[in-house]
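User: Hi! Could you take a close look at one part of this structure for me, the open sheet, and tell me about the spaces and cores around the chain as well?

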Amino acid sequence: MNAPQALVRWHDRGTSRIPFWAYTDPDLYQRELERLFYGPHWSYVGLAIEIPNTGDYKLSWVGERQVIMVRDRVAPKDRGIDPGIRVVENRCAHRGVRFCQPPMDGQTGNARSFVCPYHQWTYKLNGDLAGLPFKDGVKAEGPDGECVNGGMPADFDLSKNGLTKLRVAVLHGLVFATFSMDAEPFEQYIGPNVMPWLDRIFKGRELKLLGYNRQRIPGNWKLMMENIKDPYHPGLLHTWFVTFGLWRADQKSRMVMDEHGRHAVMISRRSDGGANKSVTEGVTSFKADMALHDTRLLDVVPEAWWTVDDPSNPGTTITPTVTMITLFPSLIIQQQVNSLSTRHIVPRGAGEFDFVWTHFGFADDTEEMTQRRLRQANLFGPAGFVSADDGEVIEFSQDGFKQWGEGGSTLVELDGRGDDVGQPPTEHMVTETLIRSMYAYWRKAMGE
């Protein structure tokens with residue numbers, strides 16, 4: 001296969017220098033949509049708890065295509081094997097109308113079926129076409145007696161004219177979908193290196209929905225994936241992290257990737273903060289005299305599920321206070337002490353993306369723990385004491401790329417120049433290897 005013209009410009013075979021045009025080229029962005037979001041990859045669409053009852057639906061996105069995640073009816077005999085969650089494209093098979101327009105909040109609703117307002121084609125919850133007006137024509141009186149006007153062709157088949165149905169995978173209440181029949185089975189897609197960290201948070205637990213944040217960030221969608229694969233910046237950019245010990249370069253930590261380099265987990269253990277000169281000297285974001293007016297914001301309570309058997313060291317346990325999981329191309333799952341959330345990346349062009357935060361807890365949480373999770377969630381989201389920094393610096397990055405034009409590249413060489421795909425985890429956070437590994441996969445997936 002010949003490489004796309006844009007990738008021919010990437011003369012360096014490595015990934016330690018990423019060309020600026022990888023973030024700004026609109027033609028390249030369109031190929032990303034086709035090969036990554038609409039190609040053989042699994043994209044996050046939501047949490048099963050967002051649609052608890054039959055007929056409940058939520059609008060979501062796979063790339064720039066709006067989809068509907070809906071709770072379908074399931075026969076009693078299938079309830080043990082069928083989660084009942086379907087994902088269909090929000091586009092009428094007749095004239096292409098985006099037919100689902102939910103009520104006031106604009107995201108969720110409940111329906112017995114889906115009806116397109118334009119010509120009233122009606123679909124079952126699973127996307128099958130149930131019926132349409134005038135399919136068999138309209139009876140009328142003609143010069144020779146009764147006749148039938150119009151109607152669909154005799155070979156028109158309801159079963160072949162339904163909505164676009166996506167393949168669906170549900171793991172521990174996380175819902176993923178793909179347009180591709182060629183995407184590998186979901187658990188294989190995640191891989192054995194990353195799966196234990198998903199199990200740690202979700203397996204065997206009923207989730208409780210706590211709320212949402214949404215923002216639009218003027219930067220390329222890959223920059224947010226990079227940001228969460230980048231342990232270099234948190235102890236430098238974020239005053240909260242370095243001052244209060246939530247994330248610092250001197251903490252015990254680990255960087256894990258899947259066998260392809262596309263997914264990753266950043267794992268760390270909170271310290272007490274303080275002024276360790278090796279990580280704070282000359283760091284302008286460190287504020288030794290900063291104090292909280294309300295100490296409940298950092299009222300951290302260890303939870304039993306934090307401690308698990310260490311996947312990298314059988315026979316031992318590990319107790320992270322932070323895990324940041326990136327599932328390529330569209331999902332980040334955050335555990336930052338007691339705060340839990342998914343973060344959904346929705347691209348809106350080469351230089352813009354929507355970022356949707358879904359904060360959650362567990363059904364058996366006490367009210368005190370729920371309030372603790374909500375308080376700690378104030379560190380994150382669009383105006384979060386930590387995450388506001390990320391949105392702003394991504395905008396600054398995109399501005400720098402745009403002003404340069406065709407030339408220029410980022411430098412991603414902390415801890416070496418190799419992508420380290422397939423190598424054992426890195427047992428520290430002074431590294432940019434997860435970014436390099438993601439671009440090693442990106443280049444293959446884009447067809448070079």
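Analyst: Happy to help; here is a walk through the sheet, followed by a pocket, a cavity and the nonpolar cores.

Please keep in mind that this is a predicted model. The open sheet is built from seven strands, and reading across it the order is β14-β22-β21-β20-β19-β16-β15. The pairing is antiparallel. In general, strands of a sheet pair through backbone hydrogen bonds. At the edges you will find β14 and β15; each has a single partner strand, so one side of each has no neighbour in the sheet. On average, and ignoring direction, neighbouring strands here are turned by 15° against each other.

One pair in this sheet can be followed in detail. Strand β19, residues 322-327, and strand β20, residues 331-336, are joined in the antiparallel sense over six bridges. Within that pairing, Leu-327 stands opposite Leu-331 in β20.

Several of these strands turn up again around the second largest pocket. Among the elements that give two or more residues to its lining are β14 (207-217), β21 (339-347) and β22 (353-362). Two further contributors of that kind are β2 (43-47) and β3 (56-62). The pocket holds about 220 Å³ of space, and 18 residues line it. Nearest its centre lie Trp-61, Gln-107, Arg-214, Val-346 and Val-356. For the chemistry of the lining, count seven nonpolar, seven polar and four charged residues.

Two other strands of the sheet, β15 (253-257) and β16 (264-268), each supply at least two residues to the lining of the second largest cavity. The structure holds two cavities of 30 Å³ or more, and this second largest one has a volume of about 90 Å³. Its lining includes Lys-252, Ser-253, Arg-254, Ile-267, Ser-268 and Arg-269, along with Ile-318, Pro-320 and Glu-427. By class, that makes three nonpolar, two polar and four charged residues.

Finally, the cores. In soluble globular proteins, nonpolar side chains tend to be buried together. Here the largest nonpolar core has 60 residues, and Trp-221, Met-224 and Trp-442 touch the most other members. Helix α12 (residues 433-445) provides the largest share of this core, six residues. Apart from it lies another core of 31 residues, including Tyr-44, Trp-197, Val-265 and Leu-331. That last name brings us back to the sheet, where Leu-331 in β20 stands opposite Leu-327.

How values were computed:
Residues are numbered from 1 along each chain as its sequence is written. This is a predicted model: local features need pLDDT of at least 70, side-chain atom pairs count only at pLDDT 80 or more; totals for chains, interfaces and linings use all residues. Side-chain values use heavy atoms; hydrogens and water are left out. On a 1 Å grid over the protein atoms alone, a cavity is a set of points where a 1.4 Å probe fits but cannot get out, and a pocket is an open set with protein on both sides within 12 Å along at least five of seven lines; lining residues have an atom within 4 Å of a point. Grid points are joined across faces, edges and corners, and a volume is the space filled by probe spheres set on the points. Helices (H or I, at least four residues) and strands (E, at least two) are DSSP runs, numbered from the N terminus. Ala, Val, Leu, Ile, Met, Phe, Trp, Tyr, Cys and Pro count as nonpolar, Asp, Glu, Lys and Arg as charged, and the others, Gly among them, as polar. A nonpolar core is a set of buried Ala, Val, Leu, Ile, Met, Phe, Trp, Tyr and Cys residues joined through side-chain atoms within 4.5 Å. Buried means under 20% relative accessible area, exposed over 50%, partly exposed in between (1.4 Å probe, protein chains only). Two strands pair if DSSP finds at least two bridges between them. Axes are lines fitted to C-alpha atoms, for helices over the stretch in contact, and angles run from 0 to 180 degrees between N-to-C directions.
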